[in-house]
Amino acid sequence: MGHAEQLREQLAPDGAVLLTVECQQGVVGRDSALPELAAVARSSGALRNVARLVAAAHAADVQVLHAVAERRPDGRGANRNARLFRAAARLPVQQHSGSAAVRIAEPIEVAEQDLVVRRLHGLSPLAGTDVDALLRNLGCRTLVVTGVSANVAIPNAVFDAVNLGYTVVVPSDAIAGVPADYTPAMIRNTLALVATIATTDEVLGCWKAPRRAAAPRS
């Protein structure tokens with residue numbers, strides 16, 4: 001089976017879910033707590049490609065799930081066991097629950113049928129959240145992982161999904177990390193070993209292609 005045929009099979013709308021990871025205003029928006037990451041996500045086209053994928057998923061009746069990382073103002077339940085968490089707690093922009101920082105960033109459009117899962121802890125949108133149960137209830141077989149960052153949350157999401165038995169597709173031009181040249185290295189040396197790597201256009205082609213008619217019963 002060739003790459004294109006395999007991708008079409010994996011991305012069948014009745015078994016695929018599109019996951020956006022931390023595509024929120026306080027991370028990739030204009031007033032980001034992480035301006036270098038936000039700049040790369042925008043200048044690379046990754047954020048625009050996430051928006052294109054979300055729009056195509058809506059049109060193809062593919063479920064979209066947005067994973068948001070946030071923090072209570074009092075910090076209850078938040079991790080403190082790594083330098084990353086301690087540094088994040090000191091940033092001038094905080095991902096406080098209910099604030100503008102945890103709203104999905106433009107140009108991504110959130111539809112009424114989209115699911116939004118918010119976490120107060122950890123590095124992964126899957127570990128210890130409702131995401132796995134939701135995916136199973138939705139009949140998900142393939143998880144399309146997009147967003148940020150290629151440094152931490154994206155590989156965590158991919159590994160967790162694979163460990164849970166899902167097939168994972170990563171659109172290589174719809175994820176971003178810092179520095180910019182780290183993302184292709186992560187894809188080539190790590191993610192490609194466990195996920196199907198595609199481009200945004202390839203995924204869009206699968207969701208826009210006409211569905212093959214079922215063979216008539218004899």
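**Reading the faces of two helices in a predicted model**

Tutor: In this predicted model, the mean positions of the 22 positive and 20 negative charges of the protein lie 4 Å apart.

Student: What is the secondary structure of the protein, and how does its radius of gyration stand against the globule rule?

Tutor: The protein has nine helices and seven strands. Its radius of gyration is 17 Å, close to the 17 Å that the globule rule gives for 218 residues, so the protein is as compact as a globular protein of that length. Along the principal axes, the C-alpha atoms fill a box of roughly 65 × 35 × 30 Å, and buried residues make up 47% of the 218 residues.

Student: Among contacts between residues at least 6 apart in sequence, what percentage join residues at least 24 apart?

Tutor: That share is 80% in this protein.

Student: Why do residues three or four places apart in an α-helix point the same way?

Tutor: An α-helix has 3.6 residues a turn, so residues at that spacing point the same way. In helix H8 (residues 182-189), the buried residues are Thr183, Met186 and Ile187. Seen down the axis of H8, these buried residues fall within an arc of 95 degrees, so they line one face of the helix. Their cover includes helix H7 (153-163), strand E6 (175-176) and strand E7 (196-198).

Student: Which residues of helix H3 are buried, and which are exposed on the other side?

Tutor: Within H3 (residues 35-43), the buried residues are Leu37, Ala38, Val40 and Ala41. They cover an arc of only 165 degrees around the axis, which puts them on the same side of H3. Pro35, Glu36 and Ser43, on the other side of H3, are exposed. The buried residues of H3 pack against helix H2 (25-28), helix H4 (46-60), strand E4 (142-148) and E6, while just after H3 Gly45 takes a positive phi of about 90 degrees.

Student: Where is Val178, and how should its 23% relative accessibility be read?

Tutor: Val178 is placed in the loop between E6 and H8. Residues under 20% relative accessible area are called buried and those over 50% exposed, with partly exposed in between, so Val178, at 23% relative accessibility, counts as partly exposed.

Student: Which residues does Val178 touch, not counting those up to four places away in sequence?

Tutor: Val178 touches Glu36, Leu37, Val40 and Asn151. Of these, Leu37 and Val40 are among the buried residues of H3, whereas Glu36 is exposed on the other side of that helix. By contrast, the C-alpha atoms of Val178 and Gly77, 101 residues apart along the chain, are separated by 27 Å.

Terms used. Residues are numbered from 1 along each chain as its sequence is written. This is a predicted model: local features need pLDDT of at least 70, side-chain atom pairs count only at pLDDT 80 or more; totals for chains, interfaces and linings use all residues. Side-chain values use heavy atoms; hydrogens and water are left out. Helices (H or I, at least four residues) and strands (E, at least two) are DSSP runs, numbered from the N terminus. The radius of gyration is taken over C-alpha atoms; the globule rule is 2.2 Å times the number of residues to the power 0.38. Buried means under 20% relative accessible area, exposed over 50%, partly exposed in between (1.4 Å probe, protein chains only). Contact means heavy atoms within 4.5 Å. Lys and Arg count as positive and Asp and Glu as negative; His and the chain ends are not counted. The place of a charge is taken as NZ of Lys, CZ of Arg, CG of Asp or CD of Glu. The arc is that of the directions from the helix axis to the C-beta atoms.
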